[in-house]
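Hi,

Here is the structure I promised to send over. Have a look at it first, and then read on for what turned up.

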Amino acid sequence: MTRRVIDEIDSHLGFRRPIDLALTAAFVGFYALIFAVYAVNSAEPTVCGLSVTYFYSLVLWIVGLAIVVAAAKMAWR
Amino acid sequence: MEVWAITTAIIIVYCLLCIGIGYVAGRSFKKNLEDFFVLSRKAGLIVVFLAIASTYHSAFAFLTSVAVYASAGISFWIAAMAWVILAGVWGYLYGKRVFLLGKAKGFITPADLLADYYQSESIRLITALVQALFVIAYIVVQAIGLGIILAVGSGGHIPYQTASLVLILIAAIYVIIGGLRAAYWTDVLQGVWMYIGVWIAGLLITFKFFPQGIPQLMDAVREVNPKMLVMTWKPEMLLSFIVVYGAGLMLLPHLWIKYYAARDTWTIKWSSVGTVAYLSSYYIPTAFVGLAAAVLNAKGVPGVIEPGFISELIKAFGSRDAVMAYMIYSFTHPILAGFLLAGAAAAAMSTLDSFLGSTSLILTRDVYQKYIKPNAGERELVLVSRILLITWALIGWYLAVLKPGLIFDITAIACAGGLQFLPAVVQAIYPTKRAWINRQGALSGIIVGSIITVLLAKQIGGKLGFPLIFHPAMAGTIGLVFNIAVAIIVSLITSPPPEEKRLEYYRILREAAE
C-alpha cells in the first residue's frame, strides 16, 4: 500500500506546466517588491502629490491585480 | 425632522430590509444542516463573490482602516493591499481544494475535513473549540463597530451599549430566520451597499475639505506629518500583517464554509479574482478619509471641526474607530449620512452574521452532535444551533461593552487563531509524496501554536501578566513558527499518517483536475 501511494502521488508532483512556474515566480517577485518598499521610502512628491512610497505601492497594486487576472485566465482551472 | 432622526430612520430601514431578506430566505429553507449552512452547495458566482468579499471586509474595513490611516498613514495601505491579494490567491488555492473535498465527502464544517483526513475525533473537537473561541474576538469587533455606527448615527441619542445590542440582535434574528442562506443573500445586498457607500463617503469628505483633490490633500498631510506618507511599520510587522490577515483570516470558519457552498470551481476561481479587486480597491477611499482626518485633527477648521477631535472620540468610544462614522455624520447630508452609515452597518453585519452562523454550526455539528447527542434529528440540531447563535452574539456584545480597544488589534487575535490551522490544512489538501504531519503532529501543532498566540498577544497575555507580549499579528506569526516545528517534530517521532487517506484525497483532487 505504502509503495502504491508514493508512486501514484510522485508521478504528479511538481510544476507540470511552464505557466505555473512563471506565475509562482511572479507572485514571489511581487511580494519581494512589497518588501522593497523600504528602499524607496520617501515622502517627496511625485504624480498628483503622492509620495514616492505611495506612488510605488499603487503601481505595485496594479501589477498585483494583473498577475491575479493572468493567473485566473492562464493557469487556474 | 432632526438630523439624528433622519439618519437613524434610514439605518432602521436598512435593518428591516435585512430581516425581510432573512424571512424570504427562510421560506425556501429545507430544514437540514446542509441547506441551512452551505446552501445545498449551489451558490453561484455573484453570491459566492459578494459573500466572500463582504464577509472578509467588516467593521475592520469601514471603520478601523480609517482610524489606522489617521494615525499610521499609508503604511496601512501597503500592508492591506498585500494581504488582500494574498487572501484572494490563497482563497483560490485552498478554497478550490476544500470545495472539491467537501463536495466529494459531504463536509460542512472545517473540522469535518481535518477530522476525516487525520482520522481523529480529537482534532474535530479541538478545531471546533479553538475556532469558536478565537472567533469571539471577531464577533466583539463587529459588536463594537455596530455600537459606534448607531450611537454616532443617532447623534448620541442611542447609547453605545444599546446601539450595539440592537444591531447585533438584528443580525442574529435574520440568521435565525433564514439560516446562513439569509447571511448569503444579505451579503449580496451588503456587499454592494458598503462598497458604494465607502466610495461616496471617501470622495465627498475628501473634496469637502480639499476641493483641489488629492494633490491638496497630500500637500496638507506632508505639512502636518510627512511620515504618514512613507512606510513606518517595521518589516517584521509588515510580514506578520500579511500572513495573519491574508492567510489566517481565510482559514476562519465563516470564510471556509463559503467555499463549501460554491457550485463549482469556476465560481471559486472568478470569485477569487473579484475578491482581490473588491477588497483592495475598498481601501483607497478609506485612505482619503483617514489622511483627511489626520490633517483635520492636527489643524482643525474654525467653526467646523476642532483640532484634537480624535482624542474626544477615543474618550467616548475607547478607541479612534469612530473617526469614519463621525466624519460621515458630521459632514454629509443627513439622508446620505443615513445611507452611508447603513453601509458601515452592512460591512459589520455581513461579517457578523457569517460568524454567528458558522460558529453555531461548528459547535452544533462538531460538539453537540458528536459528543452530546449523536441521535439528534435535523430539526433539533437547527434549534440547538439557533440557541448557540444567540449565546455567542450576547457574549460578543458583553465583551464589546467593555470597549476592549482598537478593532485593528482585536481582529488580529481571531486571525492569528485561524493561522494556527495552516500547517494541518496544507498537509490535508496538498497530499504530497511525503506526509510531513500526522495526526499527533497536527493536534500538537494547533494546540501549541494557539497557546503561544494567546500568551504572546498583548490583549490577553498582557492581562495575564505574561512577560513577553507583542501585537496579536506578531504573536500569531510566532505561534505559527512553533506550530510548524512542533507538528513536524512530533510527526517524526510518532507513527506515520494513514496512506489510504492520503491516496483518497489525492485521487479526489486529481480526478477533478483532469
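How many residue pairs are in polar contact across the interface of chain B and chain A? Keep in mind that this is a predicted model. The rule finds 13 such pairs, with both residues at pLDDT 80 or more. Salt bridges are another story: the count between chain B and chain A is zero.

On the chain B side, the elements that give two or more residues to the surface touching chain A are α5 (75–105), α9 (214–224), α10 (235–248), α12 (265–299) and α22 (499–513). Of these, α12(B) gives the most, with 13 residues. Sorted by class, that side of chain B has 33 nonpolar, five polar and 11 charged residues.

As for the contact as a whole, 49 residues come from chain B and 40 residues from chain A. About 3,800 Å² is buried between the two chains, and carbon and sulfur atoms give 72% of that area.

Now the packing. The largest nonpolar core has 219 residues, and B:Trp83 and B:Leu113 are the ones with the most contacts inside it. Helix α7 of chain B (residues 121–153) gives the most to this core, with 20 residues.

B:Trp83 is a good place to start when you open the model. Leaving out residues up to four places away in sequence, B:Trp83 touches B:Tyr56, B:Phe60, B:Phe76, B:Phe241, B:Ile242, B:Tyr245, B:Gly246, B:Tyr283 and B:Phe408.

Cheers

Notes: Residues numbered from 1 in each chain as written. Chains lettered and ligands numbered in written order. Predicted model: local features only at pLDDT ≥ 70, side-chain atom pairs only at ≥ 80, totals over all residues. Heavy atoms only, no water. Core = buried A, V, L, I, M, F, W, Y, C linked by side-chain atoms within 4.5 Å. Buried < 20%, exposed > 50% of the residue type's maximum accessible area, 1.4 Å probe, protein only. Helix = DSSP H or I, 4+ residues; strand = E, 2+ residues; numbered from the N terminus. Contact = heavy atoms within 4.5 Å. Buried area = accessible area lost by both parts, 1.4 Å probe. Salt bridge = Lys/Arg side-chain N within 4 Å of Asp/Glu carboxyl O. Polar contact = N/O pair within 3.5 Å; in protein donor to acceptor, adjacent residues only side chain to side chain. Nonpolar A, V, L, I, M, F, W, Y, C, P; charged D, E, K, R; others polar.
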